[in-house]
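Q: I'm new to this structure and would like a close look at a single part of it. Could you walk me through that part and then show me what surrounds it?

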Amino acid sequence: MERLITALIFPDFQILDATGPLEAFDVANKFIGPDSSYRVVLAALEAGPVAASSGLRLMADCAAADLPRLLDTVIAVGGVGVHAFRRDPRALAAICGASA
């Protein structure tokens, strides 16, 4: 069974906080059987490129508003941008909806 892992990114996220856990799921896929795997998706307030604090951009596959119908596990990454992100009503609605 495939499990969908969604990392929630935002402007000024810490690149290692996003890529480190996602890389761990990729490595896990190499060791688990074909009947079980992880698929990784990046989400942000809006789909498209999101700049990390380093300036490196990752491409968000989907908008955070789509989280409730897309995931098994969500990882909210860290970084200095989390302070603005956590005050955004769209982010709070997405996380609350996903937790239901």
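A: Let's start at R90, which touches L45 and E46 once residues up to four places away in sequence are left aside. This is a predicted model, and the contacts described here are computed from it. R90 and E46 are 44 residues apart along the chain, with their C-alpha atoms separated by 10 Å. R90 itself sits in helix α3. Is R90 buried or exposed? The answer lies in between: R90 is partly exposed, because its relative accessible area is 44%, and the range between 20% and 50% counts as partly exposed.

R90 also has a partner close by in the sequence. The side chain of D88 reaches the backbone nitrogen of R90 at 2.8 Å. D88 belongs to the loop between α2 (82–85) and α3. Unlike R90, which is partly exposed, D88 is buried, since its relative accessible area is 16% and the limit for buried is under 20%.

From here, we can follow α3 inward. Helix α3 (89–99) is one of the elements that give two or more residues to the largest nonpolar core. The others are β1 (2–8), α1 (15–31), β2 (37–44) and β4 (57–60). That core has 25 residues, and those with the most contacts inside it are I9, F13, L58, L67 and V77. The largest share, 4 residues, comes from β2. As a general rule, nonpolar side chains tend to be buried together in soluble globular proteins.

I9 is a good place to see the core up close. Not counting residues up to four places away in sequence, I9 touches A18, L42, A43, A44, V50, L58, A60, V77 and F85. Two of these partners, L58 and V77, are also among the core residues with the most contacts.

One of I9's partners, A18, leads us to α1. This helix has 17 residues and reaches 25 Å from its first C-alpha to its last, close to the 24 Å expected at 1.5 Å a residue. Which residues of α1 are buried? They are I15, A18, L22 and F25. These four lie on the same side of α1, because they cover an arc of only 125° around the axis. On the other side of the helix, L16, K30 and F31 are exposed. The buried residues of α1 pack against β1, β2, β4 and β6 (73–76).

Notes. Residues are numbered from 1 along each chain as its sequence is written. This is a predicted model: local features need pLDDT of at least 70, side-chain atom pairs count only at pLDDT 80 or more; totals for chains, interfaces and linings use all residues. Side-chain values use heavy atoms; hydrogens and water are left out. A nonpolar core is a set of buried Ala, Val, Leu, Ile, Met, Phe, Trp, Tyr and Cys residues joined through side-chain atoms within 4.5 Å. Buried means under 20% relative accessible area, exposed over 50%, partly exposed in between (1.4 Å probe, protein chains only). Contact means heavy atoms within 4.5 Å. The expected span of a helix is 1.5 Å times one less than its number of residues. The arc is that of the directions from the helix axis to the C-beta atoms. A polar contact is a pair of N or O atoms within 3.5 Å; within protein, one must be able to donate a hydrogen and the other to accept it, and residues adjacent in sequence count only if both atoms are side-chain atoms.
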